[in-house]
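Thank you all for coming; please have the display open while I talk. I will begin with one residue and its contacts, and then turn to the surface and to the aromatic rings.

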Amino acid sequence: MLFTWDTTNLCIIFSQWHVHSTFSLLMSLVGVIVLTAGYEFVREMSRRYEASSAEYANKLPNCLDEDDDEDVRERSSLLWATGKSLGEVEKRQKLVKAAFYAVQVFYSFFIM
């Protein structure tokens with residue numbers, strides 16, 4: 001990366017994205033701002049998903065409370081209302097979080 005004040009034939013992000021005039025420089029500035037706003041949008045969506053999934057996990061019934069006696073634990077189901085096990089829900093949440101992380105890393109390297 002080279003710091004220069006010369007904007008003639010400036011290459012931005014792609015080899016096909018070149019600045020040839022003042023207008024294309026301004027449009028490139030707007031384009032970089034839009035890309036950065038998109039990155040911040042992905043980060044915000046990731047934060048919201050993590051908050052909602054944590055709230056959702058706290059609402060799930062806990063079948064193995066320490067206050068319950070052995071009979072209650074034996075009779076209680078490990079399946080909750082939708083028929084999915086807690087392990088499947090946690091696995092899905094981890095996959096979605098990993099996908100958000102992958103998109104964020106790709107986006108951040110893309111912007112650099």
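Leaving aside residues up to four places away in sequence, S28 touches I12, W17 and V19, where contact means heavy atoms within 4.5 Å. Before I go on, this is a predicted model, in which local features need pLDDT of at least 70 and side-chain atom pairs count only at pLDDT 80 or more, while totals for chains, interfaces and linings use all residues. Residues are numbered from 1 along each chain as its sequence is written, and side-chain values use heavy atoms, with hydrogens and water left out.

S28 belongs to helix α1, residues 22-59; helices (H or I, at least four residues) are DSSP runs, numbered from the N terminus. With a relative accessibility of 4%, S28 counts as buried, whereas M27, also placed in helix α1, counts as partly exposed at 45% (buried is under 20% relative accessible area, exposed over 50%, partly exposed in between, with a 1.4 Å probe and protein chains only).

Now to the rings: how many aromatic pairs are there? The count comes to 2 aromatic pairs, taking rings of Phe, Tyr and Trp (its six-membered ring) whose centres lie within 6.5 Å, with planes under 30 degrees apart called stacked, over 60 edge-to-face and the rest tilted. The rings of Y39 and Y107 have centres 5.8 Å apart and planes at 70°, so this pair is edge-to-face. Because Y39 lies in helix α1 and Y107 in helix α3 (residues 86-111), the pair ties together parts 68 residues apart in sequence.

Definitions and conventions: Helix = DSSP H or I, 4+ residues; strand = E, 2+ residues; numbered from the N terminus.
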